[in-house]
Amino acid sequence: LDQLWGEIEVKYHEIPDLLDHVVAVVFEVALDQPSYCNLYADVCYDLCMRFQKFFPEASKSGEDKEPAAEKGGERSEMLKRFRRILLEKCQHRFEEGTNHVAPDTSEMAEDELATAKLAEQRFRRQTLGNVRFMAELYKHNLLSERVMHHVVHQMLFNVDVPNHTEILEALAVMLTSMGKKLDNNPVYQEFCNKYFAELERQVGTHPEIRMRCLLADLVDLRKSAWVPRHVAPAPAPA
């Protein structure tokens, strides 16, 4: 990460789209490896902290302080741009995932069918990865509550999409990860109550038993103040 930061500092003005490239690389890897989304969110958070903190201090020997102020302004703009690019990528990929329609494979040749299945599996893995990544970014305050409420509302109530069950499963994963933080703001309590009223309704109505169990676990998690039922006991003092 130190090496990456060094390249950003040195080459930011030489390569206009450097930040776009950095975000694209981290984003793609995070989506391909959903189990490690928290680590890639940590990388994004660390980079943002560096944008905020690392700028040259003016010399104490009476030298002009203006260059340091200008450098701080550049870092502020870099931070804003970094977060904007990150948000745009997450939102674009979210819209792709919610509107996705699996290709018709009925008339495909065997080799084409195998390729199409692999591509579809990767797309679904990345869709889940994006949802998990957004949850981790939100936990680091890199995505706003307003954005996350929009995402949750779309995933839960946009029932006309063809893959709604998969989206609902991804939502359960997302809320399990970030629900405690999202549910902690009294300003948005009414929204959260609405979400969980709908989830509780679907516990009794969803046609798939697996989904009913998954949603029931999520509803129970909120009722237990977001404390998991199976928490490993703390080690006894020596």
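T127 is buried, with a relative accessible area of 18%. I open with this residue, and I should say at once that the model before us is a predicted one. The cut-off for a buried residue is under 20% relative accessible area, so T127, at 18%, falls on the buried side. T127 belongs to helix 5. Setting aside its neighbours within four places in sequence, T127 makes contact with R93 and G97.

Let us stay with helix 5 and turn to Q126, which is also found there. Is Q126 buried or exposed? Its relative accessibility is 8%, and therefore Q126 counts as buried. Which residues does Q126 touch, once neighbours within four places in sequence are left aside? They are E28, L31, D32 and R93. G97, which we met as a contact of T127, lies 29 residues from Q126 along the chain, and the C-alpha atoms of Q126 and G97 are separated by 8.7 Å.

R93 deserves a further word. R93 is in contact with T127, and R93 is in contact with Q126. In addition, the charged end of R93 sits over the ring of F123, at 4.2 Å from the ring's centre. A second arrangement of this kind involves K194, whose charged end sits over the ring of F157, 5.4 Å from the centre. As for pairs of aromatic rings, a search of the whole structure finds three.

Next, the helix itself. Helix 5 comprises 30 residues, from 110 to 139. How far apart should its ends be? At 1.5 Å a residue, the expected span is 44 Å, and the C-alpha atoms at the two ends are 44 Å apart, so expectation and model agree.

What follows helix 5? The residue to note is N141, with a positive phi near 65 degrees. N141 is not a glycine, and it lies in the loop between helix 5 and helix 6, the latter covering residues 145-157. Most residues other than glycine have a negative phi. N141 has a relative accessible area of 47%, and so is partly exposed.

A225 offers a second case. A225 is not a glycine either, yet its phi is positive, at about 60 degrees. A225 is located in the segment after helix 9, a helix that spans residues 209-223. With a relative accessible area of 52%, A225 is exposed; the cut-off for that word is over 50%.

I now move to helix 7, residues 164-182, where E169 has its place. E169 counts as partly exposed because its relative accessibility is 29%. Which residues are in contact with E169, apart from neighbours within four places in sequence? They are R210, M211 and L214. Of these, R210 is 41 residues from E169 along the chain, and the C-alpha atoms of E169 and R210 are separated by 9.8 Å.

Helix 8, residues 189-205, contains R201. The relative accessible area of R201 is 46%, so R201 is partly exposed. R201 and L215 stand 14 residues apart in sequence, and from C-alpha to C-alpha they are 9.7 Å apart in space.

A brief remark on cysteines. How many disulfides does the structure hold? The number is zero. A disulfide is a covalent bond between the sulfur atoms of two cysteines. Two cysteines may be described by their surroundings: C192 is buried, at a relative accessible area of 3%, whereas C213 is partly exposed, at 45%.

Finally, the chain as a whole. The protein chain has nine helices and zero strands, and read along the sequence its pattern is α-α-α-α-α-α-α-α-α. Of its 238 residues, 37% count as buried. Where do the contacts between residues at least 6 apart in sequence fall? Of these contacts, 71% join residues at least 24 apart. The accessible surface of the chain comes to about 14,300 Å², and carbon and sulfur atoms account for 54% of that surface.

To close, I return to the starting point: T127 is buried in helix 5, in contact with R93 and G97, within a predicted model of nine helices and zero strands.

Conventions:
Residues numbered from 1 in each chain as written. Predicted model: local features only at pLDDT ≥ 70, side-chain atom pairs only at ≥ 80, totals over all residues. Heavy atoms only, no water. Disulfide = S-S within 2.5 Å. Buried < 20%, exposed > 50% of the residue type's maximum accessible area, 1.4 Å probe, protein only. Helix = DSSP H or I, 4+ residues; strand = E, 2+ residues; numbered from the N terminus. Expected span 1.5 Å × (residues − 1). Phe/Tyr/Trp six-rings, centres within 6.5 Å; stacked < 30°, edge-to-face > 60°. Lys NZ or Arg CZ within 6 Å of the ring centre and 35° of its normal. Contact = heavy atoms within 4.5 Å. Areas by Shrake-Rupley, 256 points an atom, 1.4 Å probe, with all protein chains shown as cover.
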